[in-house]
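User: I would like to learn how to read the main features of a model such as this one, beginning with how far it can be trusted. Could you take me through them in turn?

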Amino acid sequence: MNRIILLCLSLLWTATAIPVDAQVAGDRATDRRPDDYRSRNFLIHTDLAKDDAEELLQKMETMLQIISRYWGAPSRKVIECYVIDDIKLWPPRSLPNEAVNAVNGGGLTIARGMRRGNQLNMNAIVYASNRFGTPQHEAVHAYCYQTFSSTGPTWYAEGMAELGNYWIENDSTVTAPDYVIRYLTQSDRKTLAEITDNQQQTGDGWRNYAWRWALCHFLVNNGNFHDRFRTVGVGYLTGKPASFERAFETQMEELDFEFQFFIDHLEQGFDVHRCAWDWKAKFREQKGTRPVIAKVKADKGWQSSGLKVISGQTYQLTARGAWKTADNAEEVSVGGDAAGSGSLLGTIYHDHQLSREFELGGKQTFTATATGNLMLRCRDEWNQLNDNKGTISVEFLSASDEAAIPARRASE
Ligand SMILES: [Zn+2]
């Protein structure tokens, strides 16, 4: 019994704001004809110039390596792709009708085959425009079909395919294009339930693809959720019963909090792994003479101080050590440099909410404006933490009333 599956991507159809890629030029090498190019895992038929075709093959191989490593399964067979740069260079009827739509900036993966018990025999063919990373996107679908027989529910299939599209070797930071980031940070938030709704259809516009990418990127890279997400994903691909809600049932509030934080701070270079929340950290109120001691790394996001602060209570802090916020920056103490870069910042976490961040660097005391867990970080751009170096140690003691009075005066 043959099964035919169609998948398509409609990036261009609704995306009037997307800048047109300059490389789609009709006046280049008009004597070009579609030709075949092969690499270890791909056979590409394309009208691209030889150099461009070979560069694309290289990119596809790298992408395939990354996704096979992620899913723990090598590609079972060669992935055949038609990559169309200029449709006018293709002889009539050299492409199926459905594929002709693919020249419009989108793509299509057609999979045929069957699964009988453990026997899998699926063949997927990719038809893709050469634009917007569509060949890589579609090749993720083709790999999933040929290796596992399925691509999973739409949100997962398309989210992971977009991840494949943007994936860069040895760089797990955000690499999505600016228009995607602008849309996600400026539009109304979608809830996790909306993003993962199983009733969605493929090809429903780049905005939905953007949300799916964001959630998949976040879950793949955040150590708090990575393992469960991979298990659910492999379940989807292999047709086992798998449910996002069930997998994260006990973590849904944490997941939602961290995902909202990710969207709040989304920009190119943002590193989900570096900014993951430490849910296992222990916090205590400081009483008596034993201070609460925190170690804060310059190259991470919010980190636990170990101190539970009480609204209105004043604390003394003593910091030791130095750090820097760029390879070529000078080492500074918690006071930071003249521009404030490298100063020690705080925020108070309570019940999945954060207070506004406040300056702690250079202060000897501070008065808590809320009750909750004190979190600390080194001031730097959120997407530039990777080149930071150094750790600072901070001790907190509750200030006695006498000690608190001059501090309050000083801050007036
Ligand atoms: Zn797709």
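The dialogue below goes through confidence, the metal site, the cavities and pockets, and two single residues.

User: What does the pLDDT average for the protein chain?

Analyst: This is a predicted model, in which local features need pLDDT of at least 70 and side-chain atom pairs count only at pLDDT 80 or more, while totals for chains, interfaces and linings use all residues. Residues are numbered from 1 along each chain as its sequence is written, and side-chain values use heavy atoms, with hydrogens and water left out. The pLDDT is the predictor's confidence in each residue, from 0 to 100. Here the protein chain averages 88, and 89% of the residues score at least 70. Over residues 8–29, however, the pLDDT is below 50, although this stretch has 46 contacts (heavy atoms within 4.5 Å) beyond near neighbours in sequence. Residues 402–412 also stay under 50, with six contacts beyond four places in sequence. Where pLDDT is low, the predicted coordinates should not be read in detail.

User: Which residues coordinate the zinc ion?

Analyst: Donors are N, O and S atoms within 2.8 Å of the metal (3.2 Å for Na, K and Ca), and water is not among the atoms, so sites may look incomplete. In this model the zinc ion is coordinated by NE2 of H137, NE2 of H141 and OE of E158, at 2.0 to 2.1 Å. Along the sequence these donor residues follow the spacing H-x3-H-x16-E. Because H137 lies in helix α3 (residues 134–148) and E158 in helix α4 (residues 154–166), the pair ties together parts that are 21 residues apart in sequence. Helices (H or I, at least four residues) and strands (E, at least two) are DSSP runs, numbered from the N terminus. Both H137 and E158 are buried, where buried means under 20% relative accessible area, exposed over 50% and partly exposed in between (1.4 Å probe, protein chains only).

User: How many cavities of 30 Å³ or more does the structure hold, and which residues line the largest cavity?

Analyst: Rolling a probe the size of a water molecule over the atoms shows where empty space is left. On a 1 Å grid over the protein atoms alone, a cavity is a set of points where a 1.4 Å probe fits but cannot get out, whereas a pocket is an open set with protein on both sides within 12 Å along at least five of seven lines; lining residues have an atom within 4 Å of a point. Grid points are joined across faces, edges and corners, and a volume is the space filled by probe spheres set on the points. The structure holds five such cavities of 30 Å³ or more, and the largest encloses about 90 Å³. Its lining includes L163, W167, W213 and H217.

User: How much space lies in the largest pocket?

Analyst: The largest pocket holds about 330 Å³ of space. Of the 21 residues that line this pocket, E55, L56, K59, N130 and Q136 are the closest to its centre. Helix α1 gives the most to the lining, with seven residues.

User: Is L163 buried or exposed, and what does N41 touch?

Analyst: L163, which is found in helix α4, counts as buried at 4% relative accessibility. Its C-alpha atom is separated by 6.1 Å from that of W213, 50 residues apart along the chain. N41 lies in the loop between β2 (35–38) and β3 (42–46) and is buried, with a relative accessible area of 14%. Leaving aside residues up to four places away in sequence, N41 touches E61, L64, S75, K77, V78 and I79.
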